[in-house]
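User: Hi! I am new to reading protein structures. Could you walk me through this one, one feature at a time?
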Amino acid sequence: MFLKSKSGRKVKLPTPEEEATISAGIASDPDTYELSDSEFKQLKRVGRPLAATTKKRITIRLSREVVDSFRASGAGWQTRMDEALKEWLKIHEKTN
């Protein structure tokens, strides 16, 4: 049986017989065991820590020239685009 991911990639799932063989191998390994609920809760979360200030995900249409220019500047281009927009806001801020 195959599982299709969001990206469209197909992943072959093991058959029930293969799954049983894998589970038996795990069960026979003295270096592994099933975590209890309390042990599982003590695990530290892996990955990027939550930011102090979060950003909002949006969809926006920009000219190809602008996007290509920022992307060409390398990793972090979206952050640099955000900074450029913030700078524009400072310059064009309305004073009431």
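User: Let me start with one residue: does L43 count as buried, partly exposed or exposed, and at what relative accessibility?

Analyst: Good place to begin! Before we look, note that this is a predicted model, where local features need pLDDT of at least 70 and side-chain atom pairs count only at pLDDT 80 or more, while totals for chains, interfaces and linings use all residues. Residues are numbered from 1 along each chain as its sequence is written, and side-chain values use heavy atoms, leaving out hydrogens and water. Buried means under 20% relative accessible area, exposed means over 50%, and partly exposed is in between (1.4 Å probe, protein chains only). L43 has 49% relative accessibility, so it counts as partly exposed.

User: Where along the chain is L43 placed?

Analyst: L43 sits in the loop between helix 2 (37-42) and helix 3 (64-72). Helices (H or I, at least four residues) and strands (E, at least two) are DSSP runs, numbered from the N terminus. The protein chain has four helices and two strands, in the order β-β-α-α-α-α.

User: How spread out is the protein chain, judged by its radius of gyration?

Analyst: The radius of gyration is taken over C-alpha atoms, and the globule rule is 2.2 Å times the number of residues to the power 0.38. Here the value is 24 Å, well over the 12 Å that the rule gives for 96 residues, so the protein chain is more spread out than a compact globule. The C-alpha trace spans about 70 × 35 × 25 Å along its principal axes, and 3% of the 96 residues count as buried.

User: Now for charges: how many salt bridges does the structure hold?

Analyst: Side chains of opposite charge can pair when their charged atoms come close. A salt bridge is a side-chain nitrogen of Lys or Arg within 4 Å of a carboxyl oxygen of Asp or Glu. This structure holds two. D82 pairs with K86, their closest N and O atoms being 3.4 Å apart, and K86 pairs with E83 at 3.7 Å. D82, E83 and K86 are thus linked in a network.

User: Where do these partners lie?

Analyst: In helix 4: D82 and K86 are four residues apart, about one turn of the helix, while K86 and E83 are three residues apart, also about one turn.

User: And how accessible are D82, K86 and E83?

Analyst: D82 is partly exposed at 25% relative accessible area. K86, at 39%, counts as partly exposed, and E83 is partly exposed at 44%.
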